[in-house]
Amino acid sequence: MAKGGSASGVVSAGPKKKGVKDCTGRQKAAIFLVSIGSELSAEIFKYLREDEIETLTFEIARLETIDSDQKDTILQEFQELMMANQFISTGGIDYARELLEKSLGSQKAIDIINRLTSSLQVRPFDFIRRTDPTHLLNFIQQEHPQTIALILAYLEPNKASVILQNLSHSIQSDVARRIATMDRTSPEVLREVERVLEKKLSTLSSEDYTTAGGVENIVEILNLVDRASEKQIIEALEDEDPELAEEIKKRMFVFEDIVLLSDRDIQKVMREVDSQELSKALKSVEIEVQEKIFKNMSKRAATMLKEDMEYMGPIRLKDVEEAQQKIVSIIRHLEDTGDVVIARSGEDEMVV
C-alpha cells in the first residue's frame with residue numbers, strides 16, 4: 001500500500017457537501033437566517049420561542065461555508081412559500097394554485113401548495129372568501145338564523161357586516177345574538193352547513209373543532225354596519241338580553257377610538273367631560289391619543305391637564321378604565337343626538 005493512500009488506493013476527497021434537497025427544515029431556516037444577515041435575523045428572533053431560538057442557533061453554529069447556489073435556492077424557496085401563503089390568505093387554496101400555476105408552472109405550483117397545506121389549517125367556509133357578500137346574501141337569507149350566524153362568524157367582518165345590515169329586521173338581532181353567544185362548533189355541523197352551500201357554490205371542510213363567534217366577533221361586525229342597522233340591532237338586543245347588549249355597547253367604541261373623531265367633535269366632547277375624569281382617562285393611553293386631546297384644548301387648559309396628570313401620581317387601572325368608560329358613554333350619547341359623528345368603515349361621509 002502506498003504511503004499516505006487509502007486501503008483501496010484512492011485518495012479521500014473529504015465529505016460531500018449536502019445539497020439543498022438533503023437539508024432539513026431547520027437547516028434551511030439556519031441558512032436563510034445567515035443569508036439575510038444578523039440585523040434582520042435578530043428581528044425575526046424577537047417573534048420566536050426560546051426553544052426555537054436555541055435550535056436555530058445550534059444549526060447556525062454547525063453550518064459550514066454556504067455556496068451561492070445553495071443560498072439562492074433557499075431564498076427563492078422562501079419567496080415562493082411566502083407568495084403562496086399570501087395568495088391563500090387572500091383568496092383560498094384554489095386561488096393560490098391558479099396564480100402559482102401562471103407564474104411558476106403546474107408542477108411547481110402543486111409542490112408548493114402540497115408543502116403548505118400539509119400543516120395548514122384552512123378555516124371553514126374558506127371557499128366563499130372571494131364570493132361577493134351581496135351575492136352570498138341571496139343564498140343564505142332564507143336559512144335558519146343559527147346557520148346564518150355560523151357563516152357570518154367565519155367571514156371577514158367587512159363582508160359579514162354587509163350581509164348583517166341587509167338581513168330583514170326581524171332576524172338581524174337574533175343573528176347578532178347567536179354570533180355573540182357562539183362558542184365551539186363540531187366538524188359534523190360545519191360539514192353539514194358547507195354541504196348545503198356546496199350545491200350553490202363550492203365546498204371545503206375542516207376536520208378540527210374551531211372557535212368562532214363571541215362578543216368580540218359581533219362587535220367587529222357591528223362596527224362596520226351602517227348606523228341605522230347597528231341601532232336597530234342594539235335596541236332589539238336590549239329587550240331580549242340587556243346584559244349582552246350592554247357588554248356589546250361597551251366594546252363597540254373604546255376610548256382610544258377618540259382619535260377617529262374630527263377636531264370639532266373632540267372639542268364638543270371636551271365641553272361635556274369633567275377635567276378630573278379626563279386626567280384619569282389619559283393616564284395609560286398612547287401619546288398619539290393624548291396629543292389629539294391636547295391639540296383640541298386651549299394652551300392653558302392643556303397645560304393644566306398635563307399638570308393634573310403629573311401630580312396625580314399612580315392610580316389603579318380600574319379607576320382609569322372607569323373614567324374612560326364614562327367618556328365613551330358621553331361620546332355615544334352625543335352620537336345618538338347627532339352632535340358628533342363616529343367614522344365607520346364602509347360608510348359614505350355625507351354633509352348636508
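Q: Where does Pro-145 sit in this predicted model?
A: Pro-145 belongs to helix α8, which covers residues 145–154.

Q: Why does Pro-145 count as buried?
A: Its relative accessibility is 14%. Buried means under 20%, so Pro-145 makes the cut.

Q: What makes Ile-171, Asp-174, Val-175 and Arg-178 contacts of Pro-145?
A: Contact means heavy atoms within 4.5 Å, and Pro-145 is in contact with these four once its neighbours within four places in sequence are left aside. As for Gln-172, its C-alpha is 8.5 Å from that of Pro-145, with their positions 27 residues apart in sequence.

Q: Why is α15 called oblique to α19?
A: Helix α15 (residues 263–272) and helix α19 (residues 317–336) have axes that come within 10 Å and cross at roughly 120°. Perpendicular runs from 65 to 115 and antiparallel starts over 145, so α15 ends up oblique to α19. As for handedness, α15 passes α19 in a right-handed crossing.

Q: Which residues of α15 and α19 meet?
A: From α15 come Lys-268, Val-269 and Glu-272; from α19 come Ile-327, Ile-330, Ile-331 and Leu-334. Sorted by class, that contact has five nonpolar residues, two charged and no polar ones.

Q: What makes α17 and α18 oblique to each other?
A: The angle between helix α17 (residues 287–295) and helix α18 (residues 299–312) is about 140°, and their axes are 9 Å apart. Roughly antiparallel needs an angle over 145, while roughly perpendicular covers 65 to 115; α17 and α18 are therefore oblique. The crossing of α17 past α18 is right-handed.

Q: Which residues make the contact between α17 and α18?
A: On the α17 side they are Gln-290, Ile-293 and Phe-294, and on the α18 side Ala-302, Leu-305, Lys-306 and Met-309. By class, this contact of α17 with α18 has five nonpolar, one polar and one charged residues.

Q: How many helices and strands does the chain have?
A: There are 19 helices and two strands.

Q: What percentage of the chain's 352 residues count as buried?
A: The buried share is 38% of the 352 residues. The accessible surface of the chain is about 21200 Å², and carbon and sulfur atoms hold 50% of that.

Q: Among contacts between residues at least 6 apart in sequence, what percentage join residues at least 24 apart?
A: For this chain it's 74%.

Key
Residues numbered from 1 in each chain as written. Predicted model: local features only at pLDDT ≥ 70, side-chain atom pairs only at ≥ 80, totals over all residues. Heavy atoms only, no water. Axes fitted to C-alpha atoms, helices over the stretch in contact; angles between N-to-C directions. Helix = DSSP H or I, 4+ residues; strand = E, 2+ residues; numbered from the N terminus. Parallel < 35°, antiparallel > 145°, perpendicular 65-115°, else oblique. Left-handed = near helix turned anticlockwise from the far one by under 90°. Nonpolar A, V, L, I, M, F, W, Y, C, P; charged D, E, K, R; others polar. Buried < 20%, exposed > 50% of the residue type's maximum accessible area, 1.4 Å probe, protein only. Areas by Shrake-Rupley, 256 points an atom, 1.4 Å probe, with all protein chains shown as cover.
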